[in-house]
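Student: I should like a close look at one part of this structure, with the residue contacts set out in full. Please then follow the thread outward to the parts around it, so that the local picture can be placed within the whole chain.

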Amino acid sequence: MNEQPNTPARPRGTPRFPEGPAPDPAGSHFERRIRSFQPRRSRVTAGQEESLRRLWPAWGLDIDGQRVVDLDALFGGLPVVLEIGFGMGEATAQMAAADPATGILAVDVHTPGQGNLLGLADRAGLSNVRVANGDAIILLREMLEPDSLDGLRVYFPDPWPKKRHHKRRLIQPEFLDLAATRLRPGAIVHCATDWEEYAEQMLEVLDAHPEFENTRPPGGDGWAPRPDFRPQTRFEGQGLHKGHVVRDLLFRRRPHTDRPAPEHTAPR
């Protein structure tokens, strides 16, 4: 039996992908708030690793909170939609391919998914996808200009089902305060979930927020049918197979008013 040569061990503290996504891009620069996400540890395939090494320098963005991102330069002047949490990126790549006139800034902390989305975009010849690594709250609060986004997508976020963990859910009044400052008037917030109780909470906080209005006619139940542009994801299909009901919510950012803006502002 032939012995395989030993692969040299990576020195402790050395990043796995020296030119790829950083393990903790914001470091200790910001307070450790309650996180609405859980980093997932899973194996990075050879193809995903190759995509990260080759494509991250051009298409990747670490959320370090140390600079304001010029979205016009990043996307060549395209209107930009922020997608928070994209899993393995299949739906994101499909939406980008179907709408090349819109840039998608896709945020996640899952390294295999980051590599997979980069590979999908590269193989499809997409130029309107950028992948951001880290905390979306820091991105919104510290790195994006006011009124810089044309949309926000939050599809199947972690429902944090235990009651004591509900404070970790992303769609909360404070998050909407911040998001409203970065969305242009008329921009669409699109949420989807198969967790009924979380869907009810989403609808309640969006209905109550003065900066957003439901795109569905008054007097209905508030839910929107799944729009054609949102593909059914593998995760969604699994939920439907289990009998879950998928809810979509489409809310529009209201025109600016004379109300004082929330205290969240981007650094200058």
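**A close look at T193 and its surroundings**

Tutor: T193 belongs to strand β6, which covers residues 183-193. The model discussed here is predicted. The relative accessible area of T193 is 1%, and this residue counts as buried because the limit for that class is under 20%. A polar atom of the T193 side chain lies 3.1 Å from the backbone nitrogen of W195. Leaving aside residues up to four places away in sequence, T193 touches F156, Y198, A199, M202, V245, V246 and R247.

One of these neighbours, F156, deserves separate attention. F156 is located in the loop between β5 and α6, and its phi angle is near 55°, a positive value in a residue other than glycine. With a relative accessible area of 14%, F156 is buried. A second residue with such a backbone angle is D147, for which phi is near 60°, again positive in a residue other than glycine. D147 sits in the loop between α5 and β5. Is D147 buried or partly exposed? Its relative accessibility is 26%, so D147 counts as partly exposed.

The strand that holds T193 also takes part in a salt bridge. D150 and R184 form this pair, and their closest N and O atoms are 2.3 Å apart. Because D150 lies in strand β5 (residues 149-155) and R184 in strand β6, the pair ties together parts that are 34 residues apart in sequence. D150 has a relative accessibility of 31% and counts as partly exposed. R184 is likewise partly exposed, its relative accessible area being 33%.

Strand β5 leads in turn to helix α5, since β5 is included in what covers the buried residues of that helix, together with β1 (60-62), β2 (80-84), β3 (103-108) and α6 (173-182). How many of the eight residues of helix α5 are buried? Eight of the eight, and the helix (residues 136-143) is therefore largely enclosed by the rest of the structure. The buried residues in question are A136, I137, I138, L139, L140, R141, E142 and M143. The list thus includes R141 and E142 alongside residues such as I138 and L139. At the start of α5, a side-chain oxygen of D135 comes within 2.9 Å of the backbone nitrogen of I137.

The D150 and R184 pair can be set beside other salt bridges, for a search of the whole structure finds 13 of them. Another joins R230 to E236, with the closest N and O atoms 2.8 Å apart; R230 and E236 are both buried. A further example is the salt bridge between R54 and E50, whose closest N and O atoms are 2.7 Å apart. The side chains of R54 and E50 are also recorded as making a polar contact, at 2.7 Å.

R54 is part of helix α1, which spans residues 46-59. E50 lies in that helix as well, four residues from R54, or about one turn of the helix. An α-helix has 3.6 residues a turn, so residues three or four places apart point the same way. R54 is partly exposed at 44% relative accessibility, and E50 is partly exposed at 38%. The pair does not stand alone, as E50, R54 and D122 are linked in a network of salt bridges. The C-alpha atom of R54 is also 9.6 Å from that of G119, a residue 65 places away along the chain.

These details may now be placed within the protein chain. Its secondary structure consists of eight helices and eight strands. Of its 268 residues, 48% count as buried. Among contacts between residues at least 6 apart in sequence, 82% join residues at least 24 apart. The D150 and R184 salt bridge, across 34 residues of sequence, is likewise a link between separate parts of the chain. The accessible surface comes to about 14,300 Å², and 51% of this area belongs to carbon and sulfur atoms.

To return to the starting point, T193 is buried at 1% relative accessible area, and its contacts include F156 as well as V245, V246 and R247.

Notes: Residues numbered from 1 in each chain as written. Predicted model: local features only at pLDDT ≥ 70, side-chain atom pairs only at ≥ 80, totals over all residues. Heavy atoms only, no water. Helix = DSSP H or I, 4+ residues; strand = E, 2+ residues; numbered from the N terminus. Buried < 20%, exposed > 50% of the residue type's maximum accessible area, 1.4 Å probe, protein only. Polar contact = N/O pair within 3.5 Å; in protein donor to acceptor, adjacent residues only side chain to side chain. Contact = heavy atoms within 4.5 Å. Salt bridge = Lys/Arg side-chain N within 4 Å of Asp/Glu carboxyl O. Areas by Shrake-Rupley, 256 points an atom, 1.4 Å probe, with all protein chains shown as cover.
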